[in-house]
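Student: Before we look at anything together, could you show me how to read a metal site and then a sheet?

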Amino acid sequence: MKHTRRDFIKQLGIGTVAISVPTLFSSCGPRTRPPNILFIMSDDHAEQAISCYGSKLINTPNIDRIANEGVRFNNSFVTNSICGPSRATMLTGKYSHLHGLRDNRDQFDDSQMTFPKLLQEAGYQTGIVGKWHLKTDPTGFNNWKILRGQGRYYNPSFIEQGGESRQYTGYATNLITDFAIDTLNDRDPDKPFCLLVHHKAPHRNWMPDIKHLNEFDDVELPLPETLFDDYKTRLATAGQADMRIDDMYLSFDLKLHKEAYGQETGTGGNKNWAVNVEPTWENTYNGLNEEQKKAWDAHYTKINREFKETDLTGKELTKWKYQQYMKDYLRCVLSIDENIGRLLDYLDQHDLVEDTIVIYTSDQGFYLGEHGWYDKRFMYEESLGMPLVMRYPREISRDQVLDELVMNLDFAPTFLDYAEVPVPQEIQGESYRSLVGINKPYDWRTSIYYHYYEYPHGWHGVKRHYGVRTDRYKLIHFYNDVDLWELYDLQEDPNELNNVYDQPEYSAVRERLHKELQELQEKYQDTNIEYS
Ligand code: CA
């Protein structure tokens with residue numbers, strides 16, 4: 001948390017600027033009214049599957065376009081790596097223990113302050129389409145049209161305010177974009193808009209659109225370095241999680257039919273599947289219509305036949321599961337990227353580029369085979385990180401890549417800052433408007449705080465933990481039915497394979513991080529932790 005003045009700021013000799021940023025870098029004149037905000041978010045989209053983040057797996061030209069025409073954040077993090085809590089943090093600018101969503105069982109208190117409410121009060125037209133996942137109905141929006149719960153990939157039902165649930169034929173990512181465009185078409189052009197376009201994809205169980213089923217068919221995707229992690233030095237924490245690719249359901253996750261595998265070996269989930277659907281092939285396939293089933297049969301029947309014939313075991317089976325998982329995941333990402341392209345085209349065609357802030361992010365990161373895993377939850381890099389790219393030509397120069405530590409806590413104050421709406425004292429995040437402008441703050445945060453709660457009742461057996469991350473180090477405390485500390489040196493060990501907490505050469509670092517952690521817990525008012 002202790003601040004250091006960055007070198008280039010030393011040279012410039014300037015300090016924090018909290019309000020309007022000069023537009024020296026921008027290609028257009030000063031703004032005449034608050035900017036529009038187009039906040040596009042997906043669910044579980046990892047940086048490792050975005051080409052501007054150096055992906056070895058996929059090309060995402062439309063997400064890259066936002067980054068190239070604006071800014072990409074290299075160090076963007078989540079406060080609690082799970083869907084509902086992350087969304088509540090984005091809306092409120094607060095940590096889980098204050099907004100009330102510690103895990104996905106909690107229900108959002110819709111009477112609390114959110115940035116859409118404040119923007120709406122300030123004269124914005126506010127809207128959300130897509131995934132909401134906070135159980136109570138959205139408040140603070142002029143228009144909303146949301147999926148029921150997690151929603152379905154194919155032929156999903158949406159609820160809109162004042163209306164009944166209605167089922168639509170088609171693919172969720174395309175439909176959500178259709179509804180976003182309808183909302184933009186119906187807006188009052190005399191008012192600024194703030195539209196949240198929140199996708200379901202690429203959430204488990206990774207069901208691709210028909211048009212992308214055959215992408216990656218002939219590709220052998222590179223294996224992550226840590227696919228066969230043995231969890232040495234982390235056996236009681238990382239080693240206990242039930243989220244290895246080996247734990248995936250052969251049916252639900254990997255789209256295999258019973259005839260192809262005989263005995264289901266998947267365990268990665270929750271005993272209480274009543275909250276969702278049984279993890280079976282039937283529950284995946286039966287929601288498709290006849291035409292969709294035909295396309296799926298044409299694709300997956302061949303895969304099933306080959307799986308049965310090859311009869312893989314051991315590491316070869318794990319590698320096959322990895323390829324099968326990743327290809328479906330990446331196909332879902334292709335739909336996200338092309339639908340972002342549709343929205344960027346809309347802004348081009350309606351002369352909205354200069355006056356619209358476009359953000360793309362995900363509610364958290366995800367494991368794409370790293371440490372042998374899928375899913376999220378841990379404070380390790382792949383799920384702590386969340387992609388974040390942003391474009392606003394009127395204030396943000398092109399081709400910026402920033403290393404400052406930003407968080408999902410910062411969305412609410414950032415949007416309010418751009419709208420020039422006062423940021424309430426209770427908001428715990430910081431606006432990064434000044435980070436991306438010319439007058440950089442010299443006192444930006446130098447560490448972040450994390451807290452995950454969903455244990456023992458949740459999925460995947462990831463124990464409760466909290467921790468601190470600086471630009472180089474990470475200290476984590478796992479608690480509840482364990483009391484274990486981990487320390488990683490991200491410079492020496494970027495894959496976080498070596499817990500050095502007990503190594504004497506790290507004793508000074510360890511002490512410093514303990515102090516930092518305590519300061520952050522006090523700063524964010526997270527001092528009443530229940531340890532059992
Ligand atoms: Ca998620």
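Tutor: Donors are N, O and S atoms within 2.8 Å of the metal (3.2 Å for Na, K and Ca), and since water is not among the atoms, sites may look incomplete. Six donors count as octahedral if opposite donors are over 155 degrees apart and all others between 65 and 115, four follow rules of their own, and anything else is irregular. This is a predicted model, in which local features need pLDDT of at least 70 and side-chain atom pairs count only at pLDDT 80 or more, while totals for chains, interfaces and linings use all residues. Residues are numbered from 1 along each chain as its sequence is written, and side-chain values use heavy atoms, leaving out hydrogens and water.

Student: Which residues coordinate the calcium ion?

Tutor: Asp43, Asp44, Cys83, Asp363 (through two OD atoms) and Gln364 coordinate the calcium ion, at 2.2 to 2.7 Å. The six donor atoms subtend angles of 51 to 147 degrees, which makes the arrangement irregular.

Student: Are Asp43 and Cys83 buried or exposed?

Tutor: Buried means under 20% relative accessible area, exposed over 50%, partly exposed in between (1.4 Å probe, protein chains only), and both Asp43 and Cys83 are buried.

Student: What is the order of the strands in the sheet?

Tutor: Strands (E, at least two residues) are DSSP runs, numbered from the N terminus, and two strands pair if DSSP finds at least two bridges between them. Here an open sheet of 10 strands, with mixed pairing, has the order β6-β5-β4-β3-β7-β1-β8-β9-β2-β10. Because β6 (166–167) and β10 (400–407) each have a single partner strand, they stand at the edges, with one side left without a neighbour in the sheet. Strand β2 (residues 71–77) runs parallel to β10, joined by six bridges, and Asn75 has Leu405 as its bridge partner in β10.

Methods: Helix = DSSP H or I, 4+ residues; strand = E, 2+ residues; numbered from the N terminus. Tetrahedral: all angles 85-135°; square planar, octahedral: opposite > 155°, others 65-115°.
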